[in-house]
Each structure stands twice: as C-alpha cells, then as structure tokens.
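Got your viewer ready? Load the model, set up a cartoon with sticks on demand, and follow along stop by stop.

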Amino acid sequence: MTLGTSMQAYGEPTYWDNRYVQDPGPFDWYQKYPSLAPLFHQYVRRDHRILVVGCGNAVFSEGMVDDGYRDVVNIDISSVVIEAMQKKCQDRPELKYIKMDVQDMSAFEAGYFDAVIDKGTLDSLMCGHNSQQNVTKMLEEVGRVLKNKGVYILITYGAPIYRLHLLRDLCMWTIKLHVIAEKPVAERTTEHTKWELTDPVPLDEGSSSVDAALGKNPEVHYIYVCTKDNSLRESSIR
C-alpha cells in the first residue's frame, strides 16, 4: 500500500480493524496525557462528562482517569480496538468504550457531554475521501452532543490556515489556540520561540498573529479549544 493510498484509507473501518489486528500494542497519536494535563486542568473539570472520539488503543483516557477524571466515554469506528479496550478496562468503571462513527453519534442525546476530546480523528478524516463533507458532519455532531459552554479540544498538526475555517464556518463556538512542542528540546531540528502550553496564542482572521508569536513553520502541535456558544448559531441564522 502506498502512502497516499494508506492516508486515504484512514476514514475506513476496515483499515483500522486490520491495523489493530496487526499492531495491538498501545499507541498515542501526537501527545500523551501527562504533557497535556495542565491544559486539561484549565478547561475540563474532573466531574465533567467527557467524550474521547477516535480513541484507538491509546492510554490517554486511562491517564485522565488516573488523574481523577471520573466519567470518560470513548468511541472508535473499529470494532477490533473497542473489543480489546473493553476487555482491558473492564475493571475501570470510569472508562466506557463504544463502537461508533463520529459522523453519526445519534446514540447520544443533544447536550450530553461537557467536553469532547479529539486527538487526530479530524486529521484522519481530512486524509480520506470526501474529506470536507465528512469533517463537517463530524463537527456538527460534536457540536450537537456538547452542552452549551462545553468545550471541544482538537489536538492536531493542522496550522490555523488549514483548520480555523473548518471550525469558524459552523458559527458554533469561540476559539482559543494553544500549542505544544512536537518533540523534546533535544530532538528539535530548529529553534523557535517557546510558548507556554496554558497561554493562548493570539488569533486573528488569518495566521499572521500566530506567525508573529511562533515564527514560521514552528515544530508544534496545535490545540484548538472551542467553547460552544448557542448564541453564535442563533445570530448566524437571523
């Protein structure tokens, strides 16, 4: 399978089923929980009802529970990985694993969750067929299951020029941007301005404010903290 074909398959359940059969060991995309914990403490209370989309076999949610979070629901499109995680975490009632497509979460009531965590799932959909349509469906569903003033935390490699319009077009939330280094200092190939994880990066309509703060092509993961605001959607349809 070529790289292009592989990336296009990221939106297909069969790709992920095969991947988890061949490589059942735990894998965390982008960042592990301890590195992001200070930001989560800032936006997500430990008594919040949390949804992790595209959970895979990452230990991220287990790390959240170890840190005191008490209600973490995990969904994934792969039945293989969900069955494996249900078995692994059967003695941890704070963790629930459900096979579900993030584009159709009709099993959840509107406004059910206080927080939705996405670490690489939107990015996977962006690599597949009908990416714009699929991402829009996903984000609409995320917005639907979130409570008003709930937060969608998107951890991604996508810079603002590639991600902000997807989020802003829905007129659903206010957005803050945070960043975290992709690699430890010793592994970085270039020097960039260090930015504290818990400090929002200035955001304008484009990306000039981000470039000014971080420099060109920073080696970071971008974290968009989107707070649902029902009044924005109401204003947009008047």
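Start by colouring by accessibility: of the 238 residues in the protein chain, 47% are buried (buried means under 20% relative accessible area, exposed over 50%, partly exposed in between, with a 1.4 Å probe and protein chains only). Keep in mind that this is a predicted model, where local features need pLDDT of at least 70, side-chain atom pairs count only at pLDDT 80 or more, and totals for chains, interfaces and linings use all residues. Residues are numbered from 1 along each chain as its sequence is written, and side-chain values use heavy atoms, with hydrogens and water left out.

Now switch on the surface. The accessible surface of the protein chain is about 11900 Å², and 51% of that belongs to carbon and sulfur atoms (areas come from the Shrake-Rupley method with a 1.4 Å probe; for residues, only the protein chains shown count as cover). Back in cartoon mode, you should find 10 helices and seven strands (DSSP runs numbered from the N terminus: H or I of at least four residues for helices, E of at least two for strands). If you draw a contact map, 74% of the contacts with a separation of 6 or more are between residues 24 or more positions apart (contact means heavy atoms within 4.5 Å).

**Stop 1: the cores**

Which residues have the most contacts inside the largest nonpolar core? Select Leu51, Met105, Tyr152 and Trp173; the core they belong to has 38 residues. Helix α7, residues 131–145, supplies the largest share of this core, with five residues. A second, separate core has 37 residues, including Ile50, Tyr69, Ala115 and Ile180. (A nonpolar core is a set of buried Ala, Val, Leu, Ile, Met, Phe, Trp, Tyr and Cys residues joined through side-chain atoms within 4.5 Å.)

Zoom in on Met105. Skipping neighbours within four places in sequence, Met105 is in contact with Leu51, Val53, Ile75, Met100, Glu141, Val142, Arg144 and Val145.

**Stop 2: Asp76**

Next, select Asp76, in strand β2 (residues 72–76). What is the nearest side chain of opposite charge to this buried residue? That would be Lys99, 8.3 Å away, and Asp76 has no salt bridge (a side-chain nitrogen of Lys or Arg within 4 Å of a carboxyl oxygen of Asp or Glu). For charge, Lys and Arg count as positive and Asp and Glu as negative, while His and the chain ends are not counted.

Show the backbone too: the nitrogen of Gly56 sits 2.8 Å from a polar atom of the Asp76 side chain. Beyond four places in sequence, the contacts of Asp76 include Tyr20, Gly54, Cys55, Val81, Ile82 and Met100.

**Stop 3: Arg163 and Asp123**

There are 12 salt bridges in the structure. Pick Arg163 and Asp123, whose closest N and O atoms are 2.9 Å apart. Arg163 is in helix α8 (residues 160–168) and Asp123 in helix α6 (residues 121–126), so this pair ties together parts that are 40 residues apart in sequence. Both partners are buried; Arg163 has a relative accessible area of 4%. The pair also counts as a polar contact between side chains, at 2.9 Å (a pair of N or O atoms within 3.5 Å; within protein, one must be able to donate a hydrogen and the other to accept it, and residues adjacent in sequence count only if both atoms are side-chain atoms). Around Arg163, show Leu122, Met126, Thr156, Tyr157, Gly158 and Tyr224, which are among the residues it touches when those up to four places away are not counted.

**Stop 4: strand β5**

Move to Gly150 in strand β5 (residues 146–156). Gly150 counts as buried, at 4% relative accessibility. Draw a C-alpha to C-alpha distance to Asp114: 4.7 Å in space, 36 residues apart in sequence. Outside the four-place window, Gly150 touches Asp114, Cys226, Thr227 and Lys228.

Then add Lys149 and Asp229, a salt bridge with closest N and O atoms 3.7 Å apart. Lys149 is in strand β5 and Asp229 in the loop between β7 (220–228) and α10 (230–236), so the pair ties together parts 80 residues apart in sequence. Buried or exposed? Lys149 counts as exposed at 52%, whereas Asp229 is buried at 14%.

**Stop 5: two last selections**

Asp211 and Lys216 meet in a salt bridge (3.3 Å, N to O). Asp211 is partly exposed at 25% relative accessibility, and Lys216 is exposed at 60%. Finish with Arg49, Asp71 and Lys96, which are linked in a network of salt bridges.
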